[in-house]
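Reader: I am new to this structure. Please take me through one part of it closely, in short steps.

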Amino acid sequence: LEDVTVTPAPTVPRAPAPELEPEIVGDRQCWTTFGGDPQRSLARPGAQLGLPARKPMWMRGLRSYIEFPPVYCDGDLYVNTFEGATYAIEAETGKEIWKYDLPRSVHTALAADAFSVYSTSRDGAVYCFDRKTGKLRWKTGIGATLTAGPAVDPDDHDDDQQPRPRG
């Protein structure tokens, strides 16, 4: 490899990420999708982060690999497992609120809004659950295996404030 020359690619400066306000649900901030916003910027402007002030409050095994971090909204965590289970967990206590078993494995993150939790599955469908009860609101087939997670447009709601399914 003595005759190989490596030239670094020129770097292009990136534009700064837009300043986005976190969604407020009730009196709490929500991290409603992987990356924190529809652009998945992984940014939380104004979030006061640092070292944890205390030891973990609880731990919960879900008997499966978890590839993506949970989303958080109004005191609850929502997470998919690789084996195809979607869980709602009380953030303060670690208590399971509800669980929904999907027909195939899940390799994606969730999304949530004030009313619903959205998940995809390798069965080629997008699922919408009631955020508080876990009841299936709707399911729509895409016709292909899904390996990308959903995102929520916070401005896309009907007059009754229910999210509109697309497809």
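Let me start with one residue. Is Tyr118 buried or exposed?

Author: This is a predicted model. Tyr118 has 8% relative accessibility. The limit for buried is under 20%, so Tyr118 counts as buried.

Now look at the ring of Tyr118. Tyr118 pairs with the ring of Trp138. The structure holds 5 aromatic pairs, and Tyr118 with Trp138 is one of them. A pair of aromatic rings is described by two things: the distance of the centres and the angle of the planes. For Tyr118 and Trp138 the centres lie 6.1 Å apart. The planes meet at 50°, and the pair is tilted. The two partners come from distant parts of the chain. Tyr118 sits in strand β8, residues 116-120. Trp138 sits in strand β10, residues 136-141. They are 20 residues apart.

Next, compare the pair of Tyr127 and Phe129. Their ring centres are 6.2 Å apart. Their planes stand at 5°, which is under 30 degrees, so this pair is stacked. Tyr127 is buried, with a relative accessible area of 2%. Phe129 is buried too, at 0% relative accessibility.

These two rings belong to a cluster. Ring pairs link Tyr127 and Phe129 with Tyr78, Trp98 and Tyr100.

Some of these names return in the nonpolar core. The largest such core has 13 residues. Tyr78, Trp98, Val117 and Phe129 have the most contacts inside it. Strands β3 and β9 each supply at least two residues of this core. Strand β9, residues 125-130, gives the most, with 3 residues.

Stay with Trp98 for a moment. Leave aside its neighbours within four places in sequence. Trp98 is then in contact with Tyr78, Val117 and Phe129, among others. Its contacts also include Thr86, Tyr87 and Ala88. Another run of contacts includes Asp130, Arg131, Lys132, Thr133 and Gly134.

Apart from the largest core lies another core, of 6 residues. Leu62, Val79, Tyr87 and Ile89 are among them.

Now the sheet. Strands of a sheet pair through backbone hydrogen bonds, either parallel or antiparallel. Here an open sheet of 4 strands runs in the order β3-β4-β5-β6. The pairing is antiparallel. Strands β3 (71-73) and β6 (96-101) stand at the edges. Each has a single partner strand, so one side of each is left without a neighbour in the sheet. From one strand to the next, the twist averages 15°.

Inside this sheet, look at β4 and β5. Strand β4 covers residues 76-80, and strand β5 covers residues 85-90. The two run antiparallel and are joined by 5 bridges. Leu77 stands opposite Ile89 in β5.

The loops come last. Thr81 lies in the loop between β4 and β5. Its relative accessible area is 2%, so Thr81 is buried. What does Thr81 touch, its neighbours within four places in sequence aside? Thr81 is in contact with Leu62, Ser64, Tyr65, Ile66, Tyr87 and Val106.

Asp74 is found in the loop between β3 and β4. Asp74 is not a glycine, yet it has a positive phi of about 50°. At 22% relative accessibility, Asp74 counts as partly exposed.

Technical notes. Residues are numbered from 1 along each chain as its sequence is written. This is a predicted model: local features need pLDDT of at least 70, side-chain atom pairs count only at pLDDT 80 or more; totals for chains, interfaces and linings use all residues. Side-chain values use heavy atoms; hydrogens and water are left out. Rings of Phe, Tyr and Trp (its six-membered ring) pair if their centres lie within 6.5 Å; planes under 30 degrees apart count as stacked, over 60 as edge-to-face and the rest as tilted. Buried means under 20% relative accessible area, exposed over 50%, partly exposed in between (1.4 Å probe, protein chains only). Two strands pair if DSSP finds at least two bridges between them. Axes are lines fitted to C-alpha atoms, for helices over the stretch in contact, and angles run from 0 to 180 degrees between N-to-C directions. Contact means heavy atoms within 4.5 Å. A nonpolar core is a set of buried Ala, Val, Leu, Ile, Met, Phe, Trp, Tyr and Cys residues joined through side-chain atoms within 4.5 Å.
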